[in-house]
Structures are given as C-alpha cells and as structure tokens.
Amino acid sequence: MMISPDLAACRVDAADTGGPFAFRGPHGTLRADGPTRAIESGTGDSLPARITRAFAGAGPSAVIGGALPFARHQTDCLWLAHSCRHDLPATASPADRPSPQRWRADPAPRVYAGSVEQALRIMRAEATQPEGLRKIVLARTLAIEANGPIPQQALMDRLADDPVVTAFRVALPQPDRALIGATPELLVEKTGSKIFSFPLAGSARRNPDPIRDADACAALARSEKDRREHAMVVEFIMDTLTPWCSHLTAPEGTGLTSTRSMWHLGTRIEGRLSDPDTPSVLLAAALHPTPAVCGLPCSRAAALIGELEPVARDFYAGAVGWCRPDGDGAWFVAIRCADVCGAQARLYAGAGIVPGSDPDSETEETASKFAALLRAFGLPADAARYPTD
Ligand SMILES: C=C(O[C@@H]1C=C(C(=O)O)C=C[C@H]1O)C(=O)O
C-alpha cells in the first residue's frame, strides 16, 4: 500500500450531485436536466418494451441515459431525464482531488499474468475445435481508498482533459455510486438513419519521446497479432449490424488512433438503418459485449472471464450512453473507467488475448491503460506497475 503525494483536502460541492448522467467528448456534451427518474431495470430482453413505456409518458425533449452491464443476464441502470443540457461547466480545481489514497492491485499483476497464461493454454488445447476459444479479453482492477468522499464530477472533468475521449459519469443504483471514465471507443452512434461505430482493438503504450512514440505506432500497425485481434471485432460488429441495415461499410479500413496514453488500431464502420426510428440503445444492447471486451466465441469467453477474473465486472466493459425519443444517441464501450462509491473506487483495465499474446506484455498493457485514470485521481500514472500487498 502506498500513499498519494497529493494530500489536498476533499470537497464535494453541488455539482457532484448534478443529475444521474453526464457525457463530454467529440460526440457531444450532454447532461441530464430537469426532473429525472430511474427506468425500471431489466435485461436486454425487456429493453424494447421498457424504452417504449418510458418515452410514452415523456415529452419530445426527454433523454434516456445510463449504463448497460457487461453480462447480458445482469440488469441495466437507465435514467429518464425530462430534458438535457449541452453545457457542462468544468468543476475541477486542485482542491477537488480526493484526499490521501491507498491502492491495491486486485488481482496482483503476477496473478493476472498467470490467468493470461492459462487462457493461452486453453486456446492451444482447443485450436482445432470449431467452437474453440479464439480470443478472450482479461481484465484486472485497482482498488483505491480515499479518506473522504471522492468528488465525482470533478473526477470526470479531469478525465475530459483528453480531447479524443468521451468522459462520462453515470449514477449507479446505490447512493453515492457512479461509473466514471474516459472511453476512446464508440460502440454505436445514430443520427437519423445513419449509424457509425469505431471499434478499437490492438494497443501500444504511448511514449513521451516523439521518435519512440512513432516507433510504437509503426510497430502496432505492422503487428500481425494485433491486426488479427482487431479483425475479429470488426467482423463481429459488421455481422451484428447487418440485419439492422440497408447499407454497411468500413470505408477507410483499419487505421490508428491515440489517446494521451495509448495507441489503438481502429476501424470506422458506417451504415444506414433500414428503420430510422430504431432506438440507439437497442443497437448498443445488440452489439455489446463485442470481442473488444469479451472474446470469441462470445458465450465461451464470457463464461471463462467469470472463472478467471476474481472481481466481478458489473458495468465495466458494458456500454454507457444516451438515447432520444427519435432513437438518436451515442453509446460507448465502458472502458478506462472506475466504479466509485463514496470514498472507494475500483479501476478496471483489460487486454485482448489471442494465440501469440505474451502474458508479461499484456500485464504491461493493462498497467498503461490505467494511466489516465490514475492521473485523474492524483496518483502516479505508473502505480499499476507496482505489486501491492
Ligand atoms: C478492455 C479494454 O480495452 C479494449 C481492449 C483493447 C486491446 O486489447 O487492445 C483495446 C481497446 C479496447 O477495446 C480496457 O481498456 O479495459
């Protein structure tokens, strides 16, 4: 256990209780406004009926926002807001950092590397089986404890500092609990009949030295293992969206994108819906979890994730977003996020494992994916590299 050097006092102000959801990023800025209420919870099976019922009694400016869990059998957490605002005043100030924090890796990095090794053994053993495991995304967590309530809106504001990510805060069912993060991955956006998805898979750590950073980017672009890992996600999304669309393409092919901490392979997928009234939240529910956060075959990977990961994912690696009465909206893969409750937070990071993956490199990749969140908490960006306990 180690103590953060940032000992500034904790402050929770009115902005911290400002509505059950807020988003800020390149796909829009939006926060719940006016009266809000929880939508009866349920799974994807009952989602179409629940959405229809929720919008039926609401006006044209109503918005549904919230989170879908990673596991399809678990219940979602959606809110109906009377209206939304597109301004999101920044609240972060140095005084809004959480008070002294301790953190613990859960599981420890070497235990995580062991799980990666085990997944690789399973893939080797099943390599010739038609339904054998081809990819699995394994995650690990950091449990943080502060001395006082973590200022939630201020945490989101600090995460929004990177212009390519979408920072989000979604209130979860228990009081004082929220999912807060900064995701670079767009699951699906719908505007009229147009849809857009930007899956990411295949990663490399950014380097502060520009020459080494360019080398890391070039190595990722050349990596056969990462391209294979990425192609599985694109194929899955194309297959899942095809029945909803009259037209669907990946016009620019696979490219590279970067956050402040990571390089990723990414593919722009664009389509036209057969029914332009399709609610974006239903498209999100149909798509998730993609092999970018789960694996292939999906149900086999999900079952193994339950066995190999010691901590439940809950809303991590699910989807967060919003949907309007005409179906328009945007839904993001809930990664680079923390489940915050009062003075405690659990940070999650995962990596895609395919034949050819190396356990130590994947452990290192997850450490790099924690960096933006750790910085926002005022902790050292490399804290996830130290074994704790
Ligand atoms: C699972 C995470 O990220 C996903 C996994 C990636 C990979 O394995 O290369 C890249 C982007 C995300 O789709 C995460 O950040 O927790």
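A residue is called exposed here if 12 or fewer other C-beta atoms lie within 10 Å of its own, and buried if 20 or more do. With that in mind, a first stop in this predicted model is helix H1, which spans residues 47-56. On one side of H1, the residues Ala49, Thr52 and Ala56 are exposed. Leu47, Ile51, Ala54 and Phe55 of the helix are buried. Viewed down the axis of H1, these buried residues fall within an arc of 90 degrees, so they line one face of the helix. A general rule helps in reading such a pattern: an α-helix has 3.6 residues a turn, so residues three or four places apart point the same way. The cover over the buried residues of H1 includes strand E3 (63-68), strand E4 (77-85) and helix H6 (280-287).

Helix H8 (359-369) offers another set of buried positions. Glu362, Thr363, Thr366, Ala367, Ser368 and Lys369 of H8 are buried. Among the elements that cover them are helix H2 (109-125), strand E14 (262-267) and helix H9 (371-376), together with E6, E11 and E20.

E6, E11 and E20 also appear around the ligand. Each of strand E6 (135-146), strand E11 (200-205) and strand E20 (344-353) gives two or more residues to the shell around the ligand. The largest share, 5 residues, comes from E20. The shell holds 18 residues, of which Ser203, Ala292, Ile335, Gly350 and Gly352 come nearest to the ligand. By residue type, the shell divides into 10 nonpolar, 5 polar and 3 charged.

For a wider view, the unreviewed UniProt entry carries the annotation "domain: Chorismate-utilising enzyme C-terminal" over residues 111-369. Across residues 111-369 the chain is 32% helix and 35% strand. The C-alpha atoms at the two ends of that stretch are 18 Å apart.

The backbone also has some details worth a look. As background, most residues other than glycine have a negative phi, and most peptide bonds are trans. The peptide bond from His288 to Pro289, however, is cis, with omega near -5 degrees. Pro289 sits in the loop between H6 and strand E16 (295-296). Another cis peptide bond joins Leu296 and Pro297, where omega is about -10 degrees. Pro297 belongs to the loop between E16 and helix H7 (298-308).

Positive phi values turn up in loops as well. Asp176, which is not a glycine, has a phi near 65 degrees, and this residue lies in the loop between strand E7 (166-171) and strand E8 (177-183). Asp176 has 17 other C-beta atoms within 10 Å, so it counts as partly exposed. Arg336 likewise has a positive phi, of about 50 degrees, although it is not a glycine. The loop that holds Arg336 runs between strand E18 (329-333) and strand E19 (337-341). Is Arg336 buried or exposed? It counts as buried, because 29 C-beta neighbours lie inside 10 Å.

A last loop, between E20 and H8, contains Pro355. With 14 other C-beta atoms within 10 Å, Pro355 is partly exposed. Gly18 and Pro355 are 337 residues apart along the chain, and their C-alpha atoms are separated by 46 Å.

Terms used
Residues numbered from 1 in each chain as written. Predicted model: local features only at pLDDT ≥ 70, side-chain atom pairs only at ≥ 80, totals over all residues. Helix = DSSP H or I, 4+ residues; strand = E, 2+ residues; numbered from the N terminus. Arc of directions from axis to C-beta. Contact = placed C-beta atoms within 7 Å. Near = placed C-beta within 6 Å. Nonpolar A, V, L, I, M, F, W, Y, C, P; charged D, E, K, R; others polar. UniProt positions renumbered as here; feature names shortened; annotations may be inferred.
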